[in-house]
Amino acid sequence: MSLAFRWTNSRILTLTTASSSLVSRNSVGNVKITSTLADRPLPCSVTNHTKRYMATWPKLRPKRIRMITFDVTGTIVSFRGTLEDHYLGAAGKLGVQSIDSGKFAEAFGRAYKETSKLHPCFGGDEMTAKEWWRICVLKAFWYAEADLDQHTGEMLFQRIYSTFGSINAYEVFPDAIPFLHWANRRGLVCGVLSNADERYGDSVLPMLGLTHDELQFQCFSKDLKLEKPDARVFMAAMQKGQPFLPSKEPIEPSNVLHIGNDFIKDFEGARRVGIHSVLLDRYQEDELADEWRRRGAPVFRDLLDVVEFVGRSGCILG
């Protein structure tokens, strides 16, 4: 449930996609940004940056990669089912039937947006992630005009929250674990950088076989109290991953590759601090992917394409 959503045709999406999968956006430990990396002045492209939307970026190829960071959902993990499957399915089991399934996605989107605005970064230090989701979920059913008393509402929330803390709502893309093994064998440090709460790292990713052997470090917006595309998020991830590097040579932004599926949060956020980035078009959104390419982003269908991109770049690994 640690996700940020966009909506199309009653499906949860981080990108507008024709997939019937729940696709969101969309790591462990609190990161205190106090090290040399964090204290280093940000590049001029960040400090002097004028806010742009879908700007055009020059195409760059990495010369050396030592670290790879990943967005989670839509990048290495996918959701099973639709929004209605999980939310309205849970409601039906409790006898709550009077909900218009055609309007629920809009109701949830409104609730999610409002909760995020009132309590950024899944509540930060203000509340637990579970409390944040309780507010969001119950508000979604309220906007959907569901007839719920307090007791039924709490049981409904517990059902939904439990589902999204289990393997029933997720699956790993088949190329994710082989790619991580390929990267680890070449001395690359891999980690998660996600606008999410800590449950991904605590339970979901390990249940899916994505352990600390595959992903050495994890950074979540809930812990950082910051969200992509904030430059400090990417700098914090570099700091979090540096102790896992084989050598003590300081990591530079140009030695990092970030893989995601959102142009502004993943690609632009990384490029503004000098980190290389590529985007995955997992759901064959050809028109959107073509726009990303036109704006300067390398866009690929899967992680095998990323391996080929790295090979063609002729860059040093590790």
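This is a conversation about a buried acid, a pocket and a cavity in a predicted model.

Trainee: Why is Glu-214 said to have no salt bridge?

Mentor: A salt bridge needs a side-chain nitrogen of Lys or Arg within 4 Å of a carboxyl oxygen, and for the buried Glu-214 the nearest side chain of opposite charge, Arg-185, is 10.0 Å away, so the criterion is not met.

Trainee: Which side chains, then, make polar contacts with Glu-214, and where is Glu-214 found?

Mentor: Glu-214 is found in the loop between helix 8 (199–207) and strand 8 (217–220), and its side chain is joined to that of Thr-211 by a polar contact of 2.6 Å and to that of His-181 by one of 3.5 Å. The cut-off is within 3.5 Å, so both pairs count as polar contacts, whereas His-181 cannot supply the missing salt bridge because His is not counted as a charged residue.

Trainee: What makes the space lined by Leu-60, Phe-267 and Arg-271, among others, a cavity?

Mentor: The term cavity applies because a 1.4 Å probe fits there but cannot get out; about 60 Å³ of space lies in this largest cavity, and helix 11 (263–271) and strand 10 (276–280) each supply at least two residues of its lining.

Trainee: How is the lining of the second largest pocket divided by class?

Mentor: That lining has five nonpolar, two polar and three charged residues; Asp-147, Asp-149 and Glu-154 are in the lining, and they count as charged because Asp and Glu belong to that class. About 170 Å³ of space lies in this pocket, with helix 5 (129–143) and helix 6 (150–163) each supplying at least two lining residues.

Notes. Residues numbered from 1 in each chain as written. Predicted model: local features only at pLDDT ≥ 70, side-chain atom pairs only at ≥ 80, totals over all residues. Heavy atoms only, no water. 1 Å grid on protein atoms, 1.4 Å probe; cavity = no way out; pocket = protein on both sides within 12 Å on 5 of 7 lines; lining within 4 Å. Points joined across faces, edges and corners; volume = space filled by probe spheres on them. Helix = DSSP H or I, 4+ residues; strand = E, 2+ residues; numbered from the N terminus. Buried < 20%, exposed > 50% of the residue type's maximum accessible area, 1.4 Å probe, protein only. Polar contact = N/O pair within 3.5 Å; in protein donor to acceptor, adjacent residues only side chain to side chain.
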